[in-house]
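Me: Please take one part of this structure and look at it closely, residue by residue where that helps. I would like a single connected account rather than a list, with some care about how far the model can be trusted.

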Amino acid sequence: MPATRLILFPLWLLAGLFALAACAGGSEGELRLESGVIPMPPAGAPMAAGYFTLHNETGSDWALESARVDGFKLTEVHRTRLENGMLRMRRAESVRIEAGEQLRFEPGGLHLMLMTPTQPLKAGELRLARLALRNAQGETRELELPLAVRPREAMAAPDEMHHH
Ligand SMILES: [Cu+2]
């Protein structure tokens, strides 16, 4: 086999890889939030949870840096897990979303934990959530999404529905 063929093939492969890398460059495409909701917590509950879906339509991976929701002094990102038969939630130290993926904040999983309310929630109102994300190239994005406060009945757990 002529030596040139051995050389040409890797060059062609490399060219292809560079083209791919160029397409995957950081800042093209959108980070999108949708389906924002805060289920109304039980009366007297000290905190509420916020849910949404984050879509990464960019070519980079992003890390969630911070989250805030209007009307709460403190917002943390928590993850609920089943541990020894008990549902427990802990602060999520690092929340990442890969290129092309979607990340759901949902009951039983990731959620925004909304603490120290400065104004009581009312069913039907909207509370603005602001998220800050950063990618590996150091770019940052700020995203906003209104979270709709849902009446509690709409998301009541089955075991709570036996009590009238
Ligand atoms: Cu929580």
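Reply: Once its neighbours within four places in sequence are set aside, L112 is in contact with A49, G50, A67, V69, T75, V77, F105 and A129. One of these contacts, G50, also stands opposite L112 in the strand pairing, with L112 lying in β8. The pairing in question is that of strand β2 (residues 47–56) with β8, which run in the antiparallel sense over four bridges. This is a predicted model, and what follows describes the computed coordinates with that in mind.

L112 also belongs to the interior of the model, for the largest nonpolar core has 21 residues, and L112 is listed with I38, L114 and A129 as those with the most contacts inside it. Strands β2, β3, β8, β9 (126–135) and β10 (140–150) each supply at least two residues of this core, and β2 gives the most, with five residues. As a general matter, nonpolar side chains tend to be buried together in soluble globular proteins. For the chain as a whole, 18% of the 164 residues count as buried.

On its other pairing, β8 (residues 110–117) is joined to strand β4 (residues 72–83) by seven bridges, and these two strands run antiparallel. Two of the facing pairs can be named: L74 stands opposite M115 in β8, and H78 stands opposite H111 in β8. H78, which has its place in strand β4, is partly exposed because 18 other C-beta atoms lie within 10 Å, where 20 or more would be needed for a residue to count as buried. Leaving aside neighbours within four places in sequence, H78 is in contact with M89, R90, R91, A92, H111 and M113. A further relation along the chain is that between H78 and E93, which are 15 residues apart in sequence and have C-alpha atoms separated by 8.5 Å.

β4 is paired with strand β5 (residues 86–91) as well, again in the antiparallel sense, over six bridges. Within this pairing, R79 has R90 in β5 as its bridge partner. The hairpin formed by β4 and β5 has two residues between the strands, and in this hairpin N84 takes a positive phi near 50 degrees.

Two other residues with positive phi deserve a careful look, and one of them lies in β8 itself. Most residues other than glycine have a negative phi. T116, whose place is in strand β8, has a phi near 50 degrees, a positive value in a residue other than glycine. T116 is exposed, because 11 other C-beta atoms lie within 10 Å and the limit for that class is 12 or fewer. S35, placed in strand β1 (residues 31–39), likewise has a positive phi, near 55 degrees, and is a residue other than glycine. With 14 C-beta neighbours inside 10 Å, S35 counts as partly exposed.

A further link to β8 is given by R68, which has its place in strand β3 (residues 62–69). R68 and L114 are 46 residues apart in sequence, while their C-alpha atoms are 8.5 Å apart in space. Not counting residues up to four places away in sequence, R68 touches T75 and R130; T75 is also among the contacts of L112. R68 counts as partly exposed because there are 15 C-beta neighbours inside 10 Å.

Seen across the chain, the secondary structure comes to one helix and 10 strands, and the order along the sequence is α-β-β-β-β-β-β-β-β-β-β. Among contacts between residues at least 6 apart in sequence, 72% join residues at least 24 apart.

As for trust in the model, the mean pLDDT of the chain is 84, and 77% of the residues reach 70 or more. Confidence is highest in strand β7 (residues 102–105), at a mean of 98, and lowest in helix α1 (residues 3–23), at a mean of 46. Over residues 1–9 pLDDT stays under 50, and the model has zero contacts there beyond four places in sequence. Over residues 11–25 pLDDT also stays under 50, and the model has four contacts beyond four places in sequence for that stretch. Where pLDDT is low, the predicted coordinates should not be read in detail.

Key: Residues are numbered from 1 along each chain as its sequence is written. This is a predicted model: local features need pLDDT of at least 70, side-chain atom pairs count only at pLDDT 80 or more; totals for chains, interfaces and linings use all residues. Two strands pair if DSSP finds at least two bridges between them. Two residues are in contact if their C-beta atoms, placed from the backbone, lie within 7 Å. pLDDT is the predictor's confidence in each residue, from 0 to 100. A nonpolar core is a set of buried Ala, Val, Leu, Ile, Met, Phe, Trp, Tyr and Cys residues joined through C-beta atoms within 7 Å.
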